[in-house]
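I have opened my notebook for a slow walk through one chain. I will jot down what I looked up, entry by entry, so you can follow along.

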Amino acid sequence: MTGLSGETARSDDDSAAEPLGFDYLPSTITRSAKLLVTGPFGVGKTTLVGTVAPLVLRMDEPMTEASVGVDDLRGTPEKTTTTVAMDFGRLHLNESLVLYLFGTPGQVRFKPLWEGLADGALGALVLVDTRDLDRCHDVLDLLEEYDTPYAVAINRFDDGMEYPLDEVRQALDLDDATPLTTCDARDRQSCLGALITLVEFLSTRQLEPRP
């Protein structure tokens, strides 16, 4: 992977970070769009950003005893790191447009970081886990607080139950206009489909007449 400005990056297969070189935007890029990838702890945000974007900057740290009893590992017992600032991915949609993806921390205690990450974001893709939908409400409340439009994607886990979308919509108390779809954070085409759903929703909102 290629890093930003000599920063360090780490993939799921790397045991240690390695220094990376510069990677500038092509001179043809004239427009950019910023989207958030968010959701509760352990829902697959880092995986999705890394699956979709060829350029990834990760800010993970090993989990310590301080997280015991705070971060719920029941659904992801193999998880050993957590995002403490953000994940960043860059995706060139065409020769003139680049998409910036910012993965947010999943824990409410990192709320002070949200103000900066949400600033300038067109919208957010919220990942949810049907094994514990209750954990999603804090994230949805934050998006409402910052008036950030969003779409919701159910991330498919191997041991997760599949429910009708209307039941999930009701459980999350989503507005009828809020897009709800499914994806597998490990599958690129699946993730792109969820992001396209979000972008189409944002485009429709911009075309709607303002009150």
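Which residues does Val152 touch, not counting residues up to four places away in sequence? I looked this up in the model, which is a predicted one. Val152 touches Val126, Val128, Leu172, Leu174, Thr178, Pro179, Leu180 and Thr181.

**Entry 1: the overall plan**

I went through the chain from its start and found five helices and nine strands. Their order along the sequence is β-β-β-α-β-β-β-α-β-α-β-α-β-α. The chain has 211 residues, and 46% of them count as buried. I also looked at contacts with a separation of 6 or more: residues 24 or more positions apart account for 70% of these.

**Entry 2: how far to trust it**

Before going on, I checked the confidence values. The mean pLDDT of the chain is 78, and 71% of the residues reach 70 or more. Confidence is highest in β8, at 98, and lowest in strand β1 (residues 8-9), at a mean of 34.

I marked two stretches in my margin. Over residues 1-22 the pLDDT stays under 50, and the model has 43 contacts beyond four places in sequence for them. Residues 79-83 also stay under 50, with 24 such contacts in the model. Where pLDDT is low, the predicted coordinates should not be read in detail. I left those contacts alone for that reason.

**Entry 3: the cores**

Next I looked for nonpolar residues gathered inside. In soluble globular proteins, nonpolar side chains tend to be buried together. Here the largest nonpolar core has 28 residues, and those with the most contacts inside it are Val126, Val128, Tyr150, Val152 and Leu172. My opening residue, Val152, touches three others from that list: Val126, Val128 and Leu172.

Which elements give two or more residues to this core? I noted β5 (81-92), β6 (97-103), α2 (114-118), β7 (123-128), α3 (137-145), β8 (150-155) and α4 (165-172). The largest share, four residues, comes from α3. There is also a second, separate core of 23 residues, and among its members are Ala33, Cys191, Leu195 and Leu202.

**Entry 4: Thr38**

Is Thr38 buried or exposed? I found it in strand β3 (residues 31-38). Thr38 has a relative accessible area of 0%, so it is buried. Beyond residues up to four places away in sequence, Thr38 touches Lys45, Thr104, Trp114, Ala124, Leu125, Val126, Leu127, Val139 and Leu143.

**Entry 5: helix α1 and its partner**

Lys45, one of the residues that Thr38 touches, is also on the list of buried residues of α1. The others on that list are Thr46, Leu48, Val49, Thr51 and Val52. Six of the eight residues of α1 are buried, so this helix is largely enclosed by the rest of the structure.

How do α1 and α5 pack? Helix α1 (residues 45-52) and helix α5 (residues 188-207) have axes 9 Å apart, at an angle of about 100°. The two helices are therefore roughly perpendicular to each other. On the α1 side, Leu48, Thr51 and Val52 make the meeting, and on the α5 side Arg188, Cys191, Leu192 and Leu195 do. By class, I wrote down five nonpolar residues, one polar and one charged for this contact. Cys191 and Leu195 were already in my notes as members of the second core.

**Entry 6: Phe201**

I stayed in helix α5 to look at Phe201. Its relative accessibility is 15%, so Phe201 counts as buried; the cut-off is under 20%. Leaving out residues up to four places away in sequence, Phe201 touches Pro149, Tyr150, Ala177 and Pro179. I also checked Phe201 against Ala151: they are 50 residues apart along the chain, yet their C-alpha atoms are separated by 7.7 Å.

**Entry 7: two aspartates**

Last, I looked at backbone angles. Most residues other than glycine have a negative phi, and most peptide bonds are trans. Asp147 has a positive phi of about 55° although it is not a glycine. Asp147 sits in the loop between α3 and β8, and with a relative accessible area of 67% it is exposed.

Asp173 also has a positive phi of about 55°. Asp173 lies in the loop between α4 and β9 (180-183). Asp173 is exposed, with a relative accessible area of 67%.

Terms used. Residues numbered from 1 in each chain as written. Predicted model: local features only at pLDDT ≥ 70, side-chain atom pairs only at ≥ 80, totals over all residues. Heavy atoms only, no water. Axes fitted to C-alpha atoms, helices over the stretch in contact; angles between N-to-C directions. Parallel < 35°, antiparallel > 145°, perpendicular 65-115°, else oblique. Contact = heavy atoms within 4.5 Å. Nonpolar A, V, L, I, M, F, W, Y, C, P; charged D, E, K, R; others polar. Core = buried A, V, L, I, M, F, W, Y, C linked by side-chain atoms within 4.5 Å. Buried < 20%, exposed > 50% of the residue type's maximum accessible area, 1.4 Å probe, protein only. pLDDT = per-residue confidence, 0-100.
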